[in-house]
Amino acid sequence: MILRTFGWSFGVTVVGLLLALLYDGPTGLALVAVLAVLEISLSFDNAVVNAKVLDRMSVFWQKIFLTIGIAIAVFGMRLVFPLLIVGITAKLNPYEAFDLALNDSHRYHELMNDAYPMIAAFGGMFLMMLFLDFVFEERADKWLPWLERPLARIGKLDQLAVVVAGGSLAFVAWLAADDPGSVMIAGVLGMVTYILVNGLGELFSEAGEDDEEEDGEEAGEGGRSGPSSLALATGKAGFFLFLYLEVLDASFSFDGVIGAFAISTDPVVIALGLGIGAMYIRSLTVFLVRKGTLHEYVYLEHGAHWAIGALAVCMLISIGHHVPEWITGGLGAGLIIAAFASSVVRNRNGDGASSGPAAGGEGDKQLHSSNV
């Protein structure tokens with residue numbers, strides 16, 4: 001199970017470290033290793049949330065996420081995205097931005113820092129909306145009932161997540177941003193992106209379920225069923241869930257990409273280190289689905305979303321003040337470890353013993369044919 005799930009990650013690690021050694025010697029090797037650990041520590045909560053969404057996708061779209069999605073995550077967000085941001089900020093074409101990254105890494109770093117408030121506003125608002133939608137929804141299982149019950153109660157107010165996120169954005173832009181207008185625009189775009197992608201995914205998921213029910217009724221009445229539109233609806237739902245996961249991954253990667261500059265300003269070293277870390281996050285996502293971990297340890301999802309909320313707050317604070325990476329990584333890891341420990345205690349007390357095996361079997365069926 002471990003080798004089958006993490007085999008590609010182990011292979012990419014070996015290749016990546018060898019490339020780092022050839023590119024920059026022992027120093028490059030050490031920096032890439034540190035960056036990989038940084039990415040994994042900052043994005044563990046991403047894997048938990050990814051697993052929850054991946055469990056709802058068809059086998060085809062799961063494979064797309066685990067193949068094409070890897071290329072987008074590693075090359076798109078860890079290499080192309082920083083170059084794109086620098087190019088837009090400095091009004092450079094892609095070649096000039098890449099040349100700047102290789103030959104004037106300090107200037108490249110400065111331009112990335114100049115663009116960071118807009119990046120943090122976009123990513124912070126996307127993650128904030130994800131967190132608020134979770135805590136404002138009524139759920140049977142509650143990890144922190146003293147806090148989650150009142151939040152779910154006030155969450156019955158329609159569009160409260162938009163009100164809270166928008167108010168937080170306006171407050172931060174007014175209080176801490178050097179350019180409040182740009183921060184507001186970037187933050188609103190982050191909110192709109194979340195609402196659009198998440199809404200379309202939910203819309204087509206519901207459409208697929210409705211088609212499935214109608215096909216079942218027709219089969220019962222006529223003894224057979226004609227061509228079903230379920231595949232098309234599921235395809236649309238899968239596409240938007242895939243798109244949602246990619247935007248979610250992008251929002252998580254903002255913090256890691258910017259934080260990586262505290263360790264190295266070389267774009268090749270950063271891409272190798274963060275790329276290795278991104279591979280492990282993907283493999284961990286598959287592991288969680290195959291093992292049915294989220295069904296067995298029910299509070300893990302809660303801990304991941306609270307970690308997302310903490311990351312969103314840290315990103316908003318970082319618009320005006322630097323937040324050390326060990327704080328964001330430590331908060332996320334601490335919340336998830338606490339949620340896991342609470343789940344273990346719950347299972348030992350017999351409250352959730354029946355939820356694991358069945359759920360895990362279903363996840364394993366869906367991902368059985370995946371080699372990633």
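# Salt bridges, helices and core

Student: With which residue does Glu 137 form a salt bridge?

Tutor: The closest N and O atoms of Glu 137 and its partner are 3.3 Å apart, and a salt bridge is defined as a side-chain nitrogen of Lys or Arg within 4 Å of a carboxyl oxygen of Asp or Glu. The model is predicted, so that local features need pLDDT of at least 70, side-chain atom pairs count only at pLDDT 80 or more, and totals for chains, interfaces and linings use all residues. Residues are numbered from 1 along each chain as its sequence is written, and side-chain values use heavy atoms, with hydrogens and water left out. The partner of Glu 137 is Arg 139.

Student: What does Glu 137 count as at 44% relative accessibility?

Tutor: Buried means under 20% relative accessible area, exposed means over 50%, and partly exposed lies in between, with a 1.4 Å probe and protein chains only. Arg 139, at a relative accessible area of 23%, is partly exposed. At 44%, Glu 137 also counts as partly exposed.

Student: How many residues apart in sequence are the parts that Asp 141 and Arg 346 tie together?

Tutor: The side chains of Asp 141 and Arg 346 meet in a salt bridge with an N to O distance of 3.1 Å. Asp 141 lies in the loop between helix 4 and helix 5, whereas Arg 346 lies in helix 12 (residues 325–348), so the parts that they tie together are separated in sequence; helices here are DSSP runs of H or I with at least four residues, and strands are runs of E with at least two, numbered from the N terminus. Asp 141 is partly exposed, with a relative accessible area of 29%, while Arg 346 is buried at 12%. The separation in sequence is 205 residues.

Student: Which residue meets Glu 246 in a salt bridge?

Tutor: Glu 246 is in helix 8 (residues 230–260) and its partner is in helix 9 (residues 267–291), 36 residues apart, and the N to O distance is 3.4 Å. At 8% relative accessibility Glu 246 counts as buried, and the partner counts as buried at 1%. That partner is Arg 282.

Student: How many helices does the protein have?

Tutor: Read along the sequence, the pattern consists of α elements, and the number of strands is zero. Of the 372 residues, 51% are buried. The number of helices is 13.

Student: What share of the contacts with a separation of 6 or more comes from residues 24 or more positions apart?

Tutor: Contact means heavy atoms within 4.5 Å. Among the contacts in the protein with a separation of 6 or more, the share from residues 24 or more positions apart is 84%.

Student: Which helix gives the largest share of the largest nonpolar core?

Tutor: A nonpolar core is a set of buried Ala, Val, Leu, Ile, Met, Phe, Trp, Tyr and Cys residues joined through side-chain atoms within 4.5 Å. The largest one has 97 residues, and those touching the most other members include Leu 127, Leu 132 and Leu 248. The largest share of this core, 18 residues, comes from helix 4.

Student: Where is the place of His 305?

Tutor: His 305 is buried, with a relative accessible area of 6%. Leaving aside its neighbours within four places in sequence, His 305 is in contact with Val 49, Leu 130, Phe 131 and Phe 134. The place of His 305 is in helix 11.

Student: Within what arc do the buried residues of helix 5 fall?

Tutor: In helix 5 (residues 145–154), Glu 148, Leu 151 and Ala 152 are buried. Seen down the axis, these residues line one face of the helix, where the arc is that of the directions from the helix axis to the C-beta atoms. The face turned away from the buried side carries the exposed residues Trp 146 and Arg 153, and what covers the buried residues includes helix 4 (105–135) and helix 11 (299–317). The buried residues fall within an arc of 100°.

Student: What phi does Gln 159 have?

Tutor: Most residues other than glycine have a negative phi. Gln 159, in the loop between helix 5 and helix 6 (160–176), counts as partly exposed at 48% relative accessibility. Although Gln 159 is not a glycine, its phi is positive, at about 65°.
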